[in-house]
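Me: I would like to go through the charged side chains of this protein. Can we take them one question at a time?

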Amino acid sequence: MPDRSPARVEITGEGPVLIHGPVELVMPDGVRIRSERAVTALCTCRRSRRYPMCDTSHRRCARNRRKESE
Ligand code: FES
């Protein structure tokens with residue numbers, strides 16, 4: 001019997017969207033990317049070199065924004 005529990009998706013403040021459990025992503029060109037990781041981090045800042053996966057580049061951007069506002 002398939003697991004009917006809802007997928008858990010966490011929306012973080014300045015970082016990625018975290019999806020708990022296996023996930024299949026469908027890109028605009030139809031390419032499908034499957035992740036079997038316990039948590040998949042999707043980039044929302046568009047600065048990742050591994051887009052659509054987060055590579056933590058958002059941290060550098062957030063740090064720069066904080067410095068600019070100081
Ligand atoms: S959200 Fe982490 S690199 Fe974009």
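The questions below deal with charge pairs and surface exposure in a predicted model.

Me: How many salt bridges does the structure hold?
Reply: Side chains of opposite charge can pair when their charged atoms come close. Here, one such pair is Glu10 with Arg8. The total number of salt bridges in the structure is 3.

Me: What is the N to O distance in the salt bridge of Glu10 and Arg8?
Reply: A salt bridge needs a side-chain nitrogen of Lys or Arg within 4 Å of a carboxyl oxygen of Asp or Glu. The side chains of Arg8 and Glu10 meet that condition. Their N to O distance is 3.3 Å.

Me: Is Glu10 buried, exposed or partly exposed?
Reply: Buried means under 20% relative accessible area, and exposed means over 50%. Glu10 has 27% relative accessibility, so the residue counts as partly exposed.

Me: Which residue forms a salt bridge with Arg32?
Reply: The closest N and O atoms of the pair are 2.8 Å apart. Arg32 itself is exposed, with a relative accessible area of 55%. Its partner has 39% relative accessibility and therefore counts as partly exposed. That partner is Glu24.

Me: Where is Glu36 placed?
Reply: Strand E4 covers 32-35. Strand E5 covers 39-42. Glu36 sits in the loop between E4 and E5.

Me: Which side chain makes a polar contact with that of Glu36?
Reply: The contact spans 2.6 Å. The two side chains also meet in a salt bridge. The partner of Glu36 is Arg34.

Me: Why does Glu36 count as exposed?
Reply: Exposed means over 50% relative accessible area. Glu36 passes that cut-off, because its relative accessibility is 52%.

Me: What separates the C-alpha atoms of Glu36 and His20?
Reply: Glu36 and His20 are 16 residues apart along the chain. In space, their C-alpha atoms are separated by 9.7 Å.

Me: Which residues gather in a patch of positive charge on the surface?
Reply: Lys and Arg count as positive. The patch is made of Arg47, Arg49, Arg59, Arg60, Arg63, Arg65 and Lys67.

Me: Where is Arg47 found, and is it buried, exposed or partly exposed?
Reply: Arg47 lies in the loop between E5 and helix H1 (57-69). Its relative accessibility is 47%. Exposed would need over 50%, so Arg47 counts as partly exposed.

Technical notes:
Residues numbered from 1 in each chain as written. Predicted model: local features only at pLDDT ≥ 70, side-chain atom pairs only at ≥ 80, totals over all residues. Heavy atoms only, no water. Helix = DSSP H or I, 4+ residues; strand = E, 2+ residues; numbered from the N terminus. Buried < 20%, exposed > 50% of the residue type's maximum accessible area, 1.4 Å probe, protein only. Polar contact = N/O pair within 3.5 Å; in protein donor to acceptor, adjacent residues only side chain to side chain. Patch = residues over 30% accessible without salt bridge, like charges linked within 9 Å, V, L, I, M, F, W, Y side chains within 5 Å. Areas by Shrake-Rupley, 256 points an atom, 1.4 Å probe, with all protein chains shown as cover. Charge placed at Lys NZ, Arg CZ, Asp CG, Glu CD.
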